[in-house]
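Here is a short round of questions on one chain. Each answer works its way to the value or name asked for.

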Amino acid sequence: MTANEDQEMELEALRSIYEGDECFKEISPVSFQFRIGDLEDTKAFILDVMWPETYPETAPQISLDAFFNNRISAETKQLILSKLEEQVEANLGNAMMYTLFEWAKENQETLMENHKPVMTAVTLTSSSEVTTTTSTAKKKEKKEQLTKAQKRRMINRTDNKGELPRGWNWVDVIKQLSKTGGKDED
């Protein structure tokens, strides 16, 4: 079997196994995210996995760069990745995504045993500092921003030359005439 046939078979198996599972997310046919642990769990993390063209003969690319993982220290991330690399080496040449995901779920506690949540510091500035910086900055006039739906409607109204078709505003004309009234015949 070729690498693409193996990938198609494994993709089909992953879709059937994890159908309806909110922990598994298929980004593309060769890129996946799998959450290990519950959303509220401080020891939960997301694995980003991407298959190269020659997968499963070559190792998949695994990262912990998802925003969800920002609270995990770099040392813990490195430990998780090194342990996962060991599992990848043991399963090289075979379909391994299910094996990796399940292994990570079973070993979540040992992978995260030294985990100490990283706190991100938020610095507050006084309101006087903020007002001085905004007053010195040049103020640009803002153009009216249209929503995507408004832009879509404008495009749909025009023809290929960008002109409005004849009679496009006939409803507005009728409304205006009904308010002002037509010519009175004497």
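Axes are lines fitted to C-alpha atoms, and angles run from 0 to 180 degrees between N-to-C directions. The model is predicted.

Q: At about what angle does helix 2 run to strand 4?
A: Helix 2 covers residues 74-91. It lies across strand 3 and strand 4. Its angle to strand 4 is about 155°.

Q: In what order do the elements of the chain run from the N terminus on?
A: The chain has seven helices and four strands. Read from the N terminus, the order is α-β-β-β-β-α-α-α-α-α-α.

Q: Which strands stand at the edges of the sheet?
A: The sheet is open, its four strands are ordered 1-2-3-4, and the pairing is antiparallel. An edge strand has a single partner, so one side of it is left without a neighbour in the sheet. That applies to strand 1 (24-28) and strand 4 (61-63).

Q: How many bridges pair strand 2 with strand 3?
A: Strand 2 spans residues 31-36 and strand 3 spans residues 45-50. R35 has I46 as its bridge partner in strand 3. F34 has L47 as its partner there. The two strands pair in the antiparallel sense, and the bridge count is six.

Q: Which residue of strand 4 is the bridge partner of D48?
A: Strand 3 and strand 4 run antiparallel. Three bridges join them. In strand 4, the partner of D48 is S63.

Q: Is strand 3 largely enclosed or largely open?
A: Buried means under 20% relative accessible area. Five of the six residues of strand 3 are buried, so the rest of the structure leaves this strand largely enclosed.

Q: About what angle does the direction of helix 3 make with that of strand 2?
A: Helix 3 covers residues 97-106 and packs on the sheet. It touches strand 1, strand 2, strand 3 and strand 4. Its direction makes an angle with that of strand 2 of about 20°.

Q: How is the aromatic pair of F34 and F101 arranged?
A: A search of the whole structure finds 10 aromatic pairs. In the pair of F34 and F101, the ring centres are 4.4 Å apart and the planes differ by 5°. Planes under 30 degrees apart count as stacked, so this pair is stacked.

Q: How many residues apart are F34 and F101?
A: F34 is in strand 2 and F101 is in helix 3. Both residues are buried. The pair links distant parts of the chain, with a separation of 67 residues.

Q: Which residues form the aromatic cluster with F34 and F101?
A: The cluster is a single group that includes F34 and F101. Its other members are Y18, F24, F32, W51, Y55 and Y98.

Q: Which element gives the most residues to the largest nonpolar core?
A: This core has 28 residues, and F45, L47, W51, I62, L84, M97 and F101 have the most contacts inside it. Elements giving two or more residues are helix 1 (3-17), strand 2, strand 3, helix 2 and helix 3. With five residues, the top contributor is helix 3.

Q: Which residues is L47 in contact with, leaving aside its neighbours within four places in sequence?
A: L47 is among the core residues with the most contacts inside the core. Its contacts include its bridge partner F34. The full set is F32, Q33, F34, I36, I62, S63, L64, L84, F101 and A104.

Q: What distance separates the C-alpha atoms of Q87 and A104?
A: Q87 lies in helix 2. Leaving aside neighbours within four places in sequence, Q87 is in contact with L100 and W103. Q87 and A104 are 17 residues apart along the chain, and their C-alpha atoms are separated by 9.7 Å.

Q: Does Q108 count as buried or exposed?
A: Q108 is found in helix 4 (residues 108-111). Leaving aside neighbours within four places in sequence, its contacts are I36, G37, D41, K43, A44 and F45. Its relative accessibility is 11%, so Q108 counts as buried.

Q: What share of the accessible surface belongs to carbon and sulfur atoms?
A: Buried residues make up 26% of the 186 residues in the chain. The accessible surface comes to about 14,300 Å². The share belonging to carbon and sulfur atoms is 52%.

Terms used: Residues numbered from 1 in each chain as written. Predicted model: local features only at pLDDT ≥ 70, side-chain atom pairs only at ≥ 80, totals over all residues. Heavy atoms only, no water. Pairing = 2+ DSSP bridges. Contact = heavy atoms within 4.5 Å. Phe/Tyr/Trp six-rings, centres within 6.5 Å; stacked < 30°, edge-to-face > 60°. Buried < 20%, exposed > 50% of the residue type's maximum accessible area, 1.4 Å probe, protein only. Core = buried A, V, L, I, M, F, W, Y, C linked by side-chain atoms within 4.5 Å. Areas by Shrake-Rupley, 256 points an atom, 1.4 Å probe, with all protein chains shown as cover.
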